[in-house]
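Me: I am new to this structure and would like a close look at a single part of it. Could you take one residue, describe its surroundings with care, and then set it against another place in the chain?

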Amino acid sequence: NLELVFILVGCFECCIKCLGGIPYASLIATILLYAGVALFCGCGHEALSGTVNILQTYFEMTRAAGDVIDVFTMIDIFKYVIYGVAAAFFVYGILLMVEGFFTTGAIKDLYGDFKITTCGRCVSAWFIMLTYIFMLAWLGVTAFTSLPVYMYFNLWTICRNATVVDGANLCLDLRQYGIVTIGEEKKVCTSSESFIKMCDSNELNMTFHLFIVALAGAGAAVIAMVHYLMVLSANWAYVKDACRMQKYEDIKSKEEQELHDIHSTRSKERLNAYT
């Protein structure tokens, strides 16, 4: 029984030590980043697919033949960009978590055998700069994602007004959003049968809400980047202070050793003189 108690106490102390070494601030930022990127990539991909179906079904648009870049080609490019964003930030989140673990260990083991190197400070500064760039990029992504939300909100408003106001002839022209060229006329009006079917379908409502969730995911990624910046800046400051403390301890230890050597030398000289 006594051995079992010792084992349980040892396991408890080990767990406490492991939990104490977890960078909780980085962990929260990583969870927020993964959640935001997952929402943006997943909902954004499905919303783009729904947009393709709406354009082909209700606006009677077709893919351009050859190498002409049309709206469908741009949507395909955006889907590939989403794949790259998902993979890149999955890896980047892991790197930031690893950096948080090492920085936390460096701070906690300052007075132990662990030595903080100049390379570690450079890595922390590099992550700060990279995270700042990614934060600006996510701000741009958030602003860009708000455009389809605005477009679908206008379409949803037209559908709602068409059901409220009898006899209203409202139209949505894709040329005013730059989706088609000026020479093409792709619009639907409330008096057309395709417009009524589009407003009654669940596809429009689902695509609109998917874009809203994707916008929320991009905003969450921006918040995660800001959180990471605060964490990385604090860690860099702690590591910088730790380096100064180490230099101070090294100089103090060296001076104490020199004083000890001088004292020993004088003691030997006095002993020799007495002898």
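Reply: What follows looks at Thr207 and its surroundings, and then turns to Val91 and the annotated segments.

The model shown here is predicted, and the values below are computed from it. Thr207 has its place in helix α6, which covers residues 202-274. With a relative accessible area of 2%, Thr207 is buried, because that value falls under the 20% limit used for this class. Its side chain reaches the backbone oxygen of Glu203 at 2.8 Å. When the neighbours of Thr207 within four places in sequence are left aside, the residues in contact with Thr207 are Ala47, Gly50, Thr51, Ile54 and Tyr152.

Val91 offers another setting, in helix α3, which covers residues 71-108. Val91 has a relative accessibility of 45% and so counts as partly exposed, since this class lies between the 20% and 50% limits. Together with Phe90, Ile94, Leu95, Val98 and Phe102, Val91 makes a nonpolar surface patch of about 550 Å².

The record adds some context, for UniProt, in an unreviewed entry, lists residues 80-102, 123-147 and 210-238 under "transmembrane region". In the predicted model, the chain over residues 80-102 is 100% helix and 0% strand, with its end C-alpha atoms 34 Å apart. Over residues 123-147 the chain is likewise 100% helix and 0% strand, and there the end C-alpha atoms are 37 Å apart.

Conventions: Residues numbered from 1 in each chain as written. Predicted model: local features only at pLDDT ≥ 70, side-chain atom pairs only at ≥ 80, totals over all residues. Heavy atoms only, no water. UniProt positions renumbered as here; feature names shortened; annotations may be inferred. Helix = DSSP H or I, 4+ residues; strand = E, 2+ residues; numbered from the N terminus. Buried < 20%, exposed > 50% of the residue type's maximum accessible area, 1.4 Å probe, protein only. Polar contact = N/O pair within 3.5 Å; in protein donor to acceptor, adjacent residues only side chain to side chain. Contact = heavy atoms within 4.5 Å. Patch = residues over 30% accessible without salt bridge, like charges linked within 9 Å, V, L, I, M, F, W, Y side chains within 5 Å. Areas by Shrake-Rupley, 256 points an atom, 1.4 Å probe, with all protein chains shown as cover. Salt bridge = Lys/Arg side-chain N within 4 Å of Asp/Glu carboxyl O.
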